[in-house]
Amino acid sequence: MSAASAVPVPVASPVRSASARRDGAPAADERIGLEGIAEAIAASGDRFVESLYARFFTLCPDARPIFGEHSISEQEEMVAETFRAIVAWVDGEPRLATNLDALGESHVEYGVEDAMYRPFVDALVETAASCAGQDEASPGIRMLRESLEVITTRMSVSGHGRPNA
Ligand code: HEM
């Protein structure tokens, strides 16, 4: 499976966070930016996942041994779930918070530490920006980072009772 199928970026929905609704609908430049990111990731297929994890493990070497030796499918599932959570956040999906709480707790059992969420967000944002040929200050990339920060903060607080580092 590639991450591509997991990135249907909704463009017309109100934007909300996992714990609180974000004010207002996405601006046109944010919508266009997110669409561009989704299309670029879809076009790159499995290369996106490979590049993301290479970058993540460079930024956070301690995360590498937590994944099993043959964990490609788990890594793909994690990226797919991350994009499902982004879509749910944009859509204001009410079950998102509960799902993130469960994920936060399961990740503690995997051995994930709070400090690992930040490099994951950085790696994902950098890989997406590079893949889409967008500047990290562009509206779509900024919105991507915002959604990831909400998602990982929720997971971190659920898992360890405090925000990610
Ligand atoms: C946006 C943040 C993240 C999301 C949405 C996410 C989601 C997921 C999902 C859905 C799975 C599949 C198993 C399950 O449902 O529990 C998974 C597995 C896993 N995740 Fe994450 N994850 C995130 C961040 C991280 C980070 C920062 C790490 C740090 C190392 C991590 C480590 C793992 C590990 C070790 C597994 C199990 C892989 C295996 O079985 O070998 N995750 N993740």
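## Six helices and a ligand

Let's start with helix 1, which covers residues 28–44: those 17 residues reach 24 Å from the first C-alpha to the last, close to the 24 Å expected at 1.5 Å a residue. Keep in mind as you look around that this is a predicted model.

Which residues of helix 1 are buried? They are Glu30, Arg31, Gly33, Leu34, Ile37, Ala38, Ile41 and Ser44. Looking down the axis of helix 1, you'd find these buried residues within an arc of 165°, so they line one face of the helix. Over on the other side of helix 1, Ala28 and Ala43 are exposed. As for what covers the buried residues of helix 1, helix 2 (46–59), helix 5 and helix 6 are included. Just past the end of helix 1 sits Gly45, with a positive phi of about 60°.

Now for the whole chain. The secondary structure comes to 6 helices and 0 strands, and reading along the sequence gives the pattern α-α-α-α-α-α. The chain has 165 residues, and 41% of them count as buried. Take the contacts between residues at least 6 apart in sequence: 80% of these join residues at least 24 apart.

Helix 3 is worth a stop too. With its 20 residues at 1.5 Å each, helix 3 should span 28 Å, and its end C-alpha atoms are 29 Å apart, which agrees. The buried residues here are Val79, Thr82, Phe83, Ala85, Ile86, Val87, Ala88, Trp89 and Val90. Helix 2, helix 4, helix 5 and helix 6 are among the elements that cover them. Just after helix 3, Gly92 takes a positive phi of about 70°.

Here are the two helices side by side:

| Helix | Residues in helix | End-to-end C-alpha distance | Expected span | Glycine just after, with phi |
|---|---|---|---|---|
| Helix 1 | 17 residues | 24 Å | 24 Å | Gly45, about 60° |
| Helix 3 | 20 residues | 29 Å | 28 Å | Gly92, about 70° |

That leaves the ligand. Which residues come nearest to the ligand? Of the 22 residues around it, those are Ala63, Glu74, Met78, Glu81 and Phe120. Sorted by class, the shell around the ligand has 13 nonpolar, 6 polar and 3 charged residues. Helix 3 (72–91), helix 4 (96–110), helix 5 (117–132) and helix 6 (139–160) each supply at least two residues of this shell. Which helix gives the largest share of the shell? Helix 3 does, with 6 residues.

Key. Residues numbered from 1 in each chain as written. Predicted model: local features only at pLDDT ≥ 70, side-chain atom pairs only at ≥ 80, totals over all residues. Near = placed C-beta within 6 Å. Helix = DSSP H or I, 4+ residues; strand = E, 2+ residues; numbered from the N terminus. Nonpolar A, V, L, I, M, F, W, Y, C, P; charged D, E, K, R; others polar. Expected span 1.5 Å × (residues − 1). Buried ≥ 20, exposed ≤ 12 C-beta atoms within 10 Å, placed from the backbone. Arc of directions from axis to C-beta. Contact = placed C-beta atoms within 7 Å.
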